[in-house]
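Hello,

I am passing a structure on to you, shown just below. What I found in it follows after that.

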Amino acid sequence: MSKSLILSVFLVFLAGSVFACVDPYNPNDVTIGNCQANDITNYRITDNLPVLTPSDLSASELAIHEANMNYTLNLSKSMNRKFVATIYDANNNLMCSGVNTGKPNMISHGEIVAINNCSALYNTTVFTNMTLYTTGEPCAMCASALLWADFKTVVYGTANKRLYCQTCMSNIPIDSSYIMGRYYGLRNRAPRLIGGVLQSLTDAWFTSYCDKPNSIYYMQPQCACQSSTPTTAPTTA
Ligand SMILES: [Zn+2]
């Protein structure tokens, strides 16, 4: 190897050492807190909020949630509107409800309407210790609103993944558990998030838009699909 080639390799190595990209945010060694003026800043990395399911609950708690979800679903059916939310206080008294009618605009989701109805009725600004029920999982907007409103517990029937991936319903493809896992920006405790309550009934209530491409609710989903049908070993003759 010539001297010039050795020198070139050395210079390339030296340049690589000087200009190597150093990751400024290694969660293993950064200090989490209030950054100084000259710090490079980033948010704390956090996990999504675990979603409790009916099997995680005691029989007595599940009975309460199923009764309230059943009321919410029946209200939804009586109004012939898919997305309905109800709010119960800490003593399990029904406070108010909200129906997504698409009026006056597209952000009038059941959860938002229910919050506004409660505020109008009771002059309530925060919902600490209250529980919200919704036929369909809160979207990213509503999950954020529920955090801002400080709900203690959020209960839903059908998950966003099913509504978006299997029924072609337009939505921002973000799980509510992703939003709610970032609760630390607003408060010191996470809400309880319970999914799949009376899911078989709420699933049946949501119709598919996959064959209605002209509907304003339709969107061709982009999902990672996996067959739930177990593969069987090929039989040999
Ligand atoms: Zn929403």
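A word of caution to begin with: this is a predicted model.

I started from one residue. Apart from residues up to four places away in sequence, Leu 132 touches Ala 85, Ile 87, Glu 111, Ala 114, Leu 146, Phe 151 and Val 154. Leu 132 belongs to the largest nonpolar core, which has 36 residues, and within it Leu 132 and Leu 146 touch the most other members. Two or more residues of this core come from each of the helices H2 (59-79), H3 (110-122), H4 (140-149) and H6 (176-180), and likewise from each of the strands E1 (84-88), E3 (131-136), E4 (153-158) and E5 (192-194). The most comes from H4, which gives six residues.

Next, the sheet. Five strands form an open sheet in the order E2-E1-E3-E4-E5, and the pairing is mixed. At the edges are strand E2 (94-99) and E5, each of which pairs on one side only. On average, and with direction ignored, neighbouring strands here are turned by 15° against each other. E3 and E4 run parallel and are joined by five bridges. In that part of the sheet, Thr 134 stands opposite Tyr 156 in E4.

Helix H3 packs on this sheet, where it touches E1, E2 and E3, and its direction makes about 135° with that of E2. Its length can be checked. H3 has 13 residues, so at 1.5 Å a residue it should span 18 Å; the C-alpha atoms at its ends are 18 Å apart, which agrees. Which residues of H3 are buried? They are Gly 110, Glu 111, Ile 112, Val 113, Ala 114, Ile 115 and Cys 118. Among the elements that cover them are E1, E2, E3 and H4. Two of these buried residues, Glu 111 and Ala 114, also appear in the list of residues that Leu 132 touches. After H3 comes Asn 123, which has a positive phi, near 60°.

Last, a residue in a loop. Asp 56 lies between helix H1 (3-19) and H2. Is Asp 56 buried or exposed? It has 12 C-beta neighbours inside 10 Å, and because a residue with 12 or fewer counts as exposed, Asp 56 is exposed. Its C-alpha is 9.1 Å from that of Ile 194, although the two residues are 138 apart in sequence. Ile 194 falls within the range of E5 (192-194), one of the edge strands of the sheet.

Regards

How values were computed:
Residues numbered from 1 in each chain as written. Predicted model: local features only at pLDDT ≥ 70, side-chain atom pairs only at ≥ 80, totals over all residues. Core = buried A, V, L, I, M, F, W, Y, C linked by C-beta atoms within 7 Å. Buried ≥ 20, exposed ≤ 12 C-beta atoms within 10 Å, placed from the backbone. Helix = DSSP H or I, 4+ residues; strand = E, 2+ residues; numbered from the N terminus. Contact = placed C-beta atoms within 7 Å. Pairing = 2+ DSSP bridges. Axes fitted to C-alpha atoms, helices over the stretch in contact; angles between N-to-C directions. Expected span 1.5 Å × (residues − 1).
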